[in-house]
Each structure stands twice: as structure tokens, then as C-alpha cells.
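The following exercises concern ring contacts and sheet architecture. Please work through each task with the structure in view before reading its solution.

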Amino acid sequence: MGMQATSKGNMPVVLLKEGGSETKGRDAQKNNIAASKIIAEIVHTSLGPRGMDKMLVDSLGDVTITNDGATILKEIDVQHPAAKMLVEISKTTDNEVGDGTTSAVVLAGALLENAESLIDQDVHPTIIVDGYRKAARKAKQFLESIADTVSANDKNILTKIAKTSMQTKLVRKDSDQLAEIIVKSVLAVAEKDGDSFDVDIDDIKVEKKAGGSIKDSMIIQGIVLDKEVVHGGMPRKITDAKIALINTALEISKTETDAKINISNPQQLKSFLDEENRMLKTMVDKVIGSGANVVLCQKGIDDMAQHYLAKAGIVAVRRIKESDLTKLAKATGARIVTNLDDLFEKDLGVADLVEERKIEEDKWVFVEGCKHPKSVTLLLRGGSQRVVDEVERSVHDALMVVKDVIENPSIVAGGGAPETFAATKLRNWSKSLEGREQLAAEKFADALEAIPLTLAENAGMDPIDTLTLLRSKQQKGEKWTGIDVMKSKITNMKSSDIIEPLAVKLQIVSASAEAACMILRIDDVIATQKSAGGPPPGAEGGMPGMGGMPGMGGMPGMGGMPDMGGMM
């Protein structure tokens with residue numbers, strides 16, 4: 001359709017090359033908002049303990065079953081540019097705080113939907129954006145004012161936090177037991193830094209294996225390696241292990257340049273091979289000399305070296321990932337050695353037990369019983385591969401929320417209580433604003449209530465009755481009133497032990513407000529089409545799926561046929 005203007009001599013000026021397209025003004029906004037609403041609709045049914053799961057099948061036929069907002073949006077390949085922004089906020093929320101990914105998208109969708117009604121009343125988008133920004137700042141203050149400060153290593157609170165995060169997931173039935181090992185593992189790797197704590201989630205290695213049931217998941221005070229012992233002659237179990245971590249190869253290195261050796265009689269060949277063996281034996285002797293009885297190597301181990309190690313009764317594992325080696329160093333207290341010449345007894349790590357065990361078909365090496373491990377492993381089990389994958393995602397969320405509270409020890413109740421509280425306060429505050437921003441702030445308050453509303457809908461409660469009752473209780477000052485989804489009633493969420501980190505709530509408000517404001521400020525979408533494989537010249541909709549059906553895009557140039565009905 002090309003972007004055109006007319007010059008003085010009435011000659012049309014074409015700016016975009018063929019196949020490019022432009023959507024302007026109201027149309028562009030409507031289109032972007034419609035796409036964003038579709039994204040929010042996809043995930044909103046999976047919010048809360050009564051939320052449903054999604055089954056996603058990719059182009060290769062791999063199946064993912066999950067109700068983790070970030071995972072759902074990552075797996076469906078979203079084409080629409082505005083919808084991609086909502087996928088991004090779920091990603092950032094996942095990386096920052098780990099939980100609340102679905103809520104962030106639901107809230108952003110509600111903010112845009114409410115803005116749309118204001119745009120229809122001719123309120124300028126810039127004014128809505130200003131109102132939203134002020135309201136978001138205020139909402140965060142209200143949330144901070146309602147939060148309770150706790151002590152960072154209060155096991156009881158942390159366990160409740162982990163359990164709340166898992167209430168919405170497949171692992172709900174086993175959340176008691178999982179919460180316990182999750183809290184243990186996070187407290188094990190938490191580093192005290194002055195008055196506060198630092199937690200690096202990477203120090204917790206999560207290994208998953210189908211088989212058994214979720215109940216068989218456990219914490220290992222050490223590291224599990226998905227490798228087997230290299231040589232059949234080595235012991236399968238070593239107690240009181242002294243561990244050498246080596247990131248160099250126990251092999252004879254080849255020369256950098258091309259070198260030829262001319263051998264003219266068998267005697268020379270024998271001495272050449274003997275020398276190779278002698279070099280390997282020297283390497284192994286250095287390891288034996290240090291007193292190590294377990295060698296964990298990042299690179300390869302030569303067959304001959306394996307033989308010598310086995311003869312000395314040393315267990316060796318090769319080709320260990322670098323990240324695992326770092327975790328092993330933290331767990332066992334060993335130093336990673338690059339050159340065998342500086343491997344001494346003081347560099348060795350210790351563990352009560354190093355053992356090769358068979359898990360399902362695979363043999364794995366367990367390094368466990370480390371004294372004060374700064375790195376631990378969670379071994380997750382489940383009835384099938386799909387189940388274990390979902391357990392892993394749920395455990396990741398739970399680990400993250402426990403980390404959030406340890407690093408920033410403020411908590412709020414869940415069940416939509418803090419959102420309703422902030423919405424009620426915002427409504428009163430919005431009256432102090434002059435001009436049309438007041439309308440935007442009110443809409444922001446309405447949008448916050450989308451969270452309790454969705455929770456109620458998913459639980460099969462009447463959304464309107466629920467919301468009116470919630471509002472009236474909040475007006476009376478019962479600030480912890482929320483929706484107990486499992487009992488389908490409105491109650492004090494604090495006493496139901498449904499609590500969440502304040503950090504998650506703040507992240508949800510900031511991320512969704514920023515995304516909504518960004519989308520609202522767009523008034524022009526210009527799409528350029530690559531010349532090859534684009535729609536025929538003159539067809540509308542250069543961007544996949546921008547025409548006909550907003551946000552449904554999948555095939556480039558679907559927009560060319562506004563009347564899709566005729567084909568069906």
C-alpha cells in the first residue's frame with residue numbers, strides 16, 4: 001500500500017518500497033491493544049490455584065504441559081510486535097523475581113483494556129500514560145505500606161512462601177515436602193553480607209529424572225553428576241573422599257605445529273610408546289602424591305591414565321561441565337587446578353561419600369555429605385518426563401521467591417488481597433488529581449482488581465459478588481482480606497498462610513505499567529516487507545497477521561485477505 005504524500009505538482013511521492021505497510025493513529029492503537037488483550041486472555045485462565053494448564057506442542061512435536069506464564073508465552077511463537085512486549089515482561093519478571101509472571105501479563109492486559117475505553121472518550125494517550133505512571137508509583141507506595149517485615153532466615157515464613165508459590169502448580173499435593181527441601185537448599189547457599197543475605201540461585205543444582213514419584217525428590221548435600229565412572233576397574237564407592245578438581249586433560253597433548261617422527265626400527269617405536277606411558281604415569285603419580293582418591297576432570301582422561309588411576313584405587317570422572325566443576329568447588333571446598341604440578345593436599349575437597357548409583361537407565365555419580373556445602377543439589381523425580389519438567393519449573397519459581405524474601409525480607413498476603421488494598425487506596429487518592437489524569441488513575445485501580453477478579457473466575461465464583469464484597473471489607477480496613485480460592489470464599493489470607501514476597505508484587509506493578517505505557521504511546525506502525533516471499537504488491541498487511549484478524553498472525557501476508565471467512 002506504500003506511504004504516500006503528494007508534492008506540489010500533484011505527483012505522488014512513495015516512501016516505502018512495495019509490500020511495505022503503515023497503520024496510523026487510532027487503528028494502530030486499537031490493533032496493538034487487541035493483540036495485547038489476546039495474550040492476556042491466553043494466560044489468564046492459568047492464574048491461581050484453580051488455574052488450568054496449557055499443553056504446548058512445538059513444530060517438532062515436543063510437548064510441554066505447564067501453567068507457568070513465562071513458559072507458556074516463551075513456547076508459543078508470538079508474531080505480533082505489541083504482543084511481543086507482553087512476552088518480554090513475563091520473561092523479565094521470571095528472571096527478576098521468578099514468580100508472578102501470569103499476574104504481570106494479566107495486569108498489563110487489563111491496563112490496556114481500560115485505557116482503550118478512555119481513548120474512545122477522546123482522552124489523549126499521553127495523558128493516560130502520565131496518569132498511569134503516577135498511579136503505579138503510588139500503588140507501589142501503598143503496597144510497601146501494607147507489607148510486614150520478617151527476619152530473613154525465619155524457616156517457618158520461608159516454607160509458607162515456597163508453599164504459596166507452589167499452590168498454583170501441578171506439585172500442590174507434594175508442596176509440603178518440596179517446600180522443606182527448597183528452603184533447606186536456599187539457606188545452605190545464602191551468604192551473609194553484613195546485615196543482609198546474598199543468594200545465587202545458580203549454586204543450587206537442579207537435576208531431574210523421570211521415574212518414581214514427586215515424593216522421591218530429595219536434597220543432596222553436595223553435587224550430583226550425570227556422568228559415570230570412566231573405568232570398570234575403579235571402585236564404585238569411596239567413603240571419606242578426598243577430591244581433586246582438575247580442568248586440564250590427563251592426556252598427552254599434541255604439538256601445535258605439524259610434527260613428523262621418523263621411526264626406522266621396532267626398537268624406536270617401543271621407546272616412543274614407553275615414553276608416552278611414562279609421561280602419563282608421571283601425571284597420575286602427581287595425583288596419587290596429593291593424596292586424592294577421587295579425580296573429577298573437566299577434559300578427557302587417556303585410557304592408559306585410566307588404567308593407572310584404577311590400579312591406585314582412585315575414582316575418576318571425565319568431561320564434567322565447567323559450571324558443575326565450579327559448583328563442586330563450592331560444595332567440597334576444593335580448588336580447581338589447571339596444572340598438575342601445583343596440585344597439593346591443601347587443594348583437595350572433602351565429602352563423606354562419592355558413589356556411582358544407577359538412576360533409571362543411567363549411572364550418575366553422587367558427591368554427598370559435604371560438611372558446609374555452599375552448593376547443593378535438588379534431585380527431582382516424577383512419574384513421567386512431562387511431570388518432571390513441570391516440577392522443575394515449579395521448583396525454580398519457589399526457589400526464586402524464597403531467595404526474594406531472604407534478600408528483601410518483606411511479605412504481603414496473597415489471594416488478591418494486596419491488589420485490592422492498593423486499588424481501594426488508589427481510588428481515594430485519584431480524587432486529589434485534577435484534570436483527566438484522575439480518570440487514568442481510576443482505571444489503574446480498576447485494572448489492579450483484575451487479579452482478584454481472575455482468581456475468582458478461575459475458582460468458579462461469581463466475579464461481581466466477590467469483587468463487591470472484597471471492596472466493602474477493604475473499605476472497612478480489613479487489609480488482608482482476599483480470595484481463598486481452594487475454599488471458594490473471601491477470608492483473611494494472612495491466617496490462611498497464603499503469603500508472598502513484596503518484591504514480586506512491586507515487580508508486577510512496575511513491569512506491567514511500563515509495558516502498557518510503552519504500547520499506549522505508539523500511534524504509528526510501519527512495517528517493511530523483505531522483497532522475497534512477501535505478499536504480492538499492493539496487498540495489505542506486511543507484518544504477519546496484522547490485517548484481518550489482529551494478533552492471530554502466523555503466516556506472513558495473512559493480512560492480504562481481510563475476508564477470511566470466505567475461505568473457511
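**Exercise 1: Charges over rings**

Arg 357 is placed over the face of Phe 366, 4.3 Å from the ring centre. The model is a predicted one.

Task: State which ring lies beneath the charged end of Lys 281.

Solution: The ring is that of Tyr 308, and the charged end of Lys 281 is 5.4 Å from its centre.

**Exercise 2: The aromatic pair**

Task: Classify the pair formed by the rings of Tyr 132 and Phe 444, and locate both residues in the chain.

Solution:
1. The count gives one aromatic pair.
2. The ring centres of Tyr 132 and Phe 444 are 5.6 Å apart and the planes stand at 75 degrees; planes over 60 degrees apart count as edge-to-face, so this pair is edge-to-face.
3. Tyr 132 belongs to helix 5 (residues 125-146) and Phe 444 to helix 13 (residues 437-448); the pair thus links distant parts of the chain, 312 residues apart.
4. Tyr 132 has 0% relative accessibility and counts as buried. Phe 444, also at 0%, counts as buried.

**Exercise 3: The open sheet**

Task: Determine the strand order of the three-stranded open sheet and identify the helix that packs on the sheet.

Solution:
1. The order is 6-19-22, with antiparallel pairing.
2. Strand 6 (148-149) and strand 22 (499-501) are the edge strands, each pairing on one side only.
3. Strand 6 and strand 19 (residues 410-413) run antiparallel and are joined by two bridges. Asp 148 stands opposite Ile 411 of strand 19.
4. Helix 16 (residues 502-520) packs on the sheet and touches strand 19 and strand 22. The direction of helix 16 makes about 65 degrees with that of strand 22.

Key. Residues numbered from 1 in each chain as written. Predicted model: local features only at pLDDT ≥ 70, side-chain atom pairs only at ≥ 80, totals over all residues. Heavy atoms only, no water. Phe/Tyr/Trp six-rings, centres within 6.5 Å; stacked < 30°, edge-to-face > 60°. Helix = DSSP H or I, 4+ residues; strand = E, 2+ residues; numbered from the N terminus. Buried < 20%, exposed > 50% of the residue type's maximum accessible area, 1.4 Å probe, protein only. Lys NZ or Arg CZ within 6 Å of the ring centre and 35° of its normal. Pairing = 2+ DSSP bridges. Contact = heavy atoms within 4.5 Å. Axes fitted to C-alpha atoms, helices over the stretch in contact; angles between N-to-C directions.
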